[in-house]
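Subject: Handover of a structure and notes on what was found

Dear colleague,

Please find below the structure that I am handing over to you. My notes on the chain as a whole and on several individual residues follow it.

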Amino acid sequence: MAVPEKGVKLLDFWMSPFGQRCRIALAEKEVEYEYKEEDLSKKSDLLLKSNPVHKKIPVLIHDGKSICESLIIVEYIDEVFPGKTNILPSDPYARSHARFWADFVDKKVYDCGSKLFKSKSEALEELNKEFICILKTLETELGEKKYFGDDAFGLVDIAFAPFTSWFYTFEALGLSVEKECPKLAAWGNRIMERESVAKSLHEPTKIYDLFCELRKKFVDA
């Protein structure tokens, strides 16, 4: 009988906002791990074996056991690895509140943001309005707080942080986050002061370059 491999491994793709969440959480908890970059056009046997249902990254493998879906992974990291800080608050109500807003980011920000990336110019105006509405909802929740969890950097911050790398590209599409949601833009700058975020996200210009390539392939073709 094979002995399960010990340690932590992350199957990921460099620009995935979902994988970046896991990287931030691992950095916050100071967990040492092996990073494995996946070629999504030719998925590895390890990825297909580790996530046979969805066959998607990210996947966290801990002592041979696979954990899938980014927010579930982040909560697992928080529960399993003690650290200087907690990602989720100890209070049950505050915990459920954080999960609600992390789920909001999952359901709204990624879907609408992806449509902006892929849509033709005639559809951009309506999508911009929809996305601004989503961002303003998040800005209202943030209010005057330092982080979404008040003074504590936590689950909602980690869920939304990767999408700040998209703000530069949105500007090219006629949507200025700094103009429309200044408090949210300031929060985005503030979280970049955290080492866990700064080393987990890529330069916005790199995301923009990839965006231009994708538009040539799928939209302008």
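In these notes, helices (H or I, at least four residues) and strands (E, at least two) are DSSP runs, numbered from the N terminus. Please bear in mind that this is a predicted model.

The loop after α5

By that numbering, F148 is placed in the loop between α5 (121-142) and α6 (155-160). The residue has a relative accessible area of 7% and is therefore buried, since the cut-off for buried is under 20%. Beyond the residues up to four places away in sequence, F148 touches L138, E141, L142, V156, D157, F160, L184 and W187.

One of these partners, L138, lies in helix α5. F148 and L138 are 10 residues apart in sequence, and their C-alpha atoms are 9.1 Å apart in space. L138 is likewise counted as buried, because its relative accessibility is 0%. Its own contacts, again leaving out residues up to four places away in sequence, are W101, F104, V105, V109, F148, F160 and L184. F160 and L184 thus appear among the contacts of F148 and also among those of L138. For F104, the separation from L138 is 34 residues in sequence and 8.9 Å between C-alpha atoms.

The loop between α5 and α6 also holds D150. This residue is partly exposed, with a relative accessibility of 47%.

Backbone geometry

Most residues other than glycine have a negative phi, and most peptide bonds are trans. Against that background, three places in the backbone deserve your attention.

- D150 is not a glycine, yet its phi is positive, at about 65 degrees.
- D63 is not a glycine either, and has a positive phi of about 50 degrees. D63 sits in the loop between β3 and β4 (65-68) and counts as partly exposed because its relative accessibility is 25%.
- The peptide bond from I57 to P58 is cis, with omega near 0 degrees. P58 is located in the loop between α2 (45-50) and β3 (59-62).

W14 and S119

Which residues does W14 contact, leaving aside its neighbours within four places in sequence? They are Q20, R23, Y35, E37, H202, K206, I207 and L210. W14 itself is found in the loop between β1 (8-12) and α1 (17-28). With a relative accessible area of 19%, W14 is classed as buried, because that class covers values under 20%. From W14 to G83, 69 residues further along the chain, the C-alpha separation is 25 Å.

S119 lies in the loop between α4 (92-118) and α5. A relative accessibility of 14% means that S119 counts as buried. S119 and R215 are 96 residues apart along the chain, while their C-alpha atoms are separated by 8.5 Å.

The chain as a whole

The secondary structure comprises 11 helices and 4 strands. For 221 residues, a compact globule would have a radius of gyration near 17 Å, and the 18 Å of this chain agrees with that value. The C-alpha trace spans about 60 × 45 × 25 Å along its principal axes.

Buried residues account for 48% of the 221 residues. Of the contacts with a separation of 6 or more, 69% are between residues 24 or more positions apart. The accessible surface of the chain is about 12,000 Å², and carbon and sulfur atoms contribute 54% of that surface. As to charge, the chain has 33 positive and 38 negative charges, and the mean positions of the two sets are 4 Å apart.

Annotation from the record

UniProt, in an unreviewed entry, gives the feature "domain: GST N-terminal" at residues 6-85. Over residues 6-85 the chain is 36% helix and 21% strand, and the C-alpha atoms at the two ends are 24 Å apart.

With kind regards

Conventions. Residues numbered from 1 in each chain as written. Predicted model: local features only at pLDDT ≥ 70, side-chain atom pairs only at ≥ 80, totals over all residues. Heavy atoms only, no water. Rg over C-alpha atoms; globule rule 2.2 N^0.38 Å. Buried < 20%, exposed > 50% of the residue type's maximum accessible area, 1.4 Å probe, protein only. Contact = heavy atoms within 4.5 Å. Areas by Shrake-Rupley, 256 points an atom, 1.4 Å probe, with all protein chains shown as cover. Lys, Arg positive; Asp, Glu negative; His and termini not counted. Charge placed at Lys NZ, Arg CZ, Asp CG, Glu CD. UniProt positions renumbered as here; feature names shortened; annotations may be inferred.
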